[in-house]
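Okay, thanks everyone for squeezing in. I've got one structure to walk you through today, so let's put it up on the screen.

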Amino acid sequence: MLAFNSASSNNRGMHEAKKALDTLAVHAGREDLTDLGLHALPIDLSTTYPLTSVESGGEAYDTMASGGRAPEGGTALYARLWNPTVARFESALAQLEHAESAVAFGSGMAAASAALLAFTAATGNRHVLAVRPLYGGTDHLLASGLLGTEVTYCAADAVTESLRQDTGLVIVETPANPTLDLVNIRSIVDQAGDVPVLVDNTFATPVLQNPLLHGAAMSMHSATKYLGGHGDVMGGVIACSEQHATMIRPVRALTGGVLHPVAAYTLHRGLATLSVRVNAQQRTAARVAEWLQEHPAIATVFYPGLDGDPAGVLGEQMHGSGAMLAIRLAGGYDAAAKLASSLTLFTHAVSLGGVDSLIEHPAGLTHRLVDGDARPDAGVLRLSIGLESADDLIADLERALAA
Ligand SMILES: *Cc1c(COP(=O)(O)O)cnc(C)c1O
């Protein structure tokens, strides 16, 4: 049985004054709409903004180039520095993550790159400590050293001994791609000491996990996945303190990985149903995981809580097991490749977190560029469970596995 499963996020201990996540998901970032005489979120497509004087424009420029927010009532100057529609989405996501601020990007990888540059190149501390496994793109970005970083991969209990004088950032993902390994964030933070810890929170979403409440400096999302939730918008976002946001924004302004305002609108709209989607998808995932566990063609099911809770995080750090799972087929690569292409309700495609179910082969696709020894087993498939009925998804798997 699952150690923890399908809990609603509604009832967990929140600060008295703070609204429940379900309420925030619908209302955050919309506080001023009534005063503006609006009901739906407005979209501002301006690339440039009128100036009242050279002096006030220059002051706004100085503020934003050094990482500050657009001056209240002043000009936003230029869309690579600031966009009000993006800022609304950032405000909403920050509230869901119990963060002071958030900085949004054109993709999850743009967000990861900006965090790396802000805490390594910009500080002179070029060493990054990364706890494997990680998303394939993040792993490859670090392994390639493309951004001038030097990486050490370490186990979750070996952070302190792997730190260097010049370690600028610790990166961890939980649940991690693709086998849903869980990491205890508080333990990583304690081991990291003064070095900021970035948690990739894409799989958990703010509905199930808030890394900042466990001491992490930053919670990063590929917004392309659950936050958007419909497979039709790319984005990335980092929730953090205003001090850290001030370090990250200049990198976004200089490297240009901005989020388009229409994408920000779509992501912000997606937040309203995030909690409903994640809770429903999680319920279905738990049923599918338990069914798969009984199937003779499946050697292993990877789903948080199915095999106990070695990291000791379910219920406390992570409020549910999520809607991602992985399976290792007894028949190895051939059986996995065949299954991926024989399902009808699961689309054979990379990505995750949308309303429809997806299945993909990590070793051959998302984790193709990861070093051989750290690459997932060739018999593993990763499933992203959508909003279809559990019975129909199970019937699809049963038919394809029998073939
Ligand atoms: C997809 C993904 C990323 C990268 O995000 P993009 O939006 O594709 O750039 C990073 N981390 C995780 C866990 C992901 O699933």
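**A walk through the model**

So, let's start with strand β2, which is covered on both faces: H127, L129 and V131 are buried on one side, and V128 and A130 are buried on the other. Before we go on, keep in mind that this is a predicted model. Back to β2, residues 127-131: five of the five residues are buried, so the strand is largely enclosed by the rest of the structure.

Who does β2 pair with? Its partner is strand β3, residues 150-154, and the two run parallel, with five bridges between them. If you want one pair to look for on screen, find A130, which sits opposite Y153 in β3.

Okay, on to the ligand. There are 15 residues around it, and the ones that come nearest are M109, D200, S222, T224 and K225. Let me go through some of the polar atoms here. On M109, a backbone N or O atom lies 2.8 Å from a ligand oxygen. With D200, we're looking at the side chain: one of its N or O atoms is 2.7 Å from a nitrogen of the ligand. T224 also uses a side-chain N or O atom, 2.7 Å from an oxygen atom of the ligand. And how much of the ligand does the protein bury? Taken alone, the ligand exposes 380 Å², and 94% of that is buried by the protein. As for the make-up of that shell, you've got five nonpolar residues, seven polar and three charged.

Next, there's an open sheet of five strands. Reading across, the order is β8-β9-β12-β11-β10, and the pairing is mixed. The edges are β8 (298-302) and β10 (347-348); each has a single partner strand, so one side of each has no neighbour in the sheet. Further in, β9 (residues 324-329) and β12 (residues 380-384) run antiparallel, joined by five bridges. One bridge to pick out there is M324 with S384 in β12.

Now a couple of helices. Helix α11 covers residues 274-293, and 14 of its 20 residues are buried, so this one is largely enclosed by the rest of the structure too. Its length checks out as well: at 1.5 Å a residue it should span 28 Å, and its end C-alpha atoms are 28 Å apart.

Last stop is A94, in helix α3, residues 84-96. Is A94 buried or exposed? It counts as buried, because its relative accessibility is 3%. And for a sense of distance, A94 and A403 are 309 residues apart in sequence and 47 Å apart in space, C-alpha to C-alpha.

Terms used: Residues are numbered from 1 along each chain as its sequence is written. This is a predicted model: local features need pLDDT of at least 70, side-chain atom pairs count only at pLDDT 80 or more; totals for chains, interfaces and linings use all residues. Side-chain values use heavy atoms; hydrogens and water are left out. A residue is near a molecule or strand if one of its heavy atoms lies within 4 Å of it. A polar contact is a pair of N or O atoms within 3.5 Å; within protein, one must be able to donate a hydrogen and the other to accept it, and residues adjacent in sequence count only if both atoms are side-chain atoms. Accessible areas come from the Shrake-Rupley method with a 1.4 Å probe; for residues, only the protein chains shown count as cover. Ala, Val, Leu, Ile, Met, Phe, Trp, Tyr, Cys and Pro count as nonpolar, Asp, Glu, Lys and Arg as charged, and the others, Gly among them, as polar. Helices (H or I, at least four residues) and strands (E, at least two) are DSSP runs, numbered from the N terminus. The expected span of a helix is 1.5 Å times one less than its number of residues. Buried means under 20% relative accessible area, exposed over 50%, partly exposed in between (1.4 Å probe, protein chains only). Two strands pair if DSSP finds at least two bridges between them.
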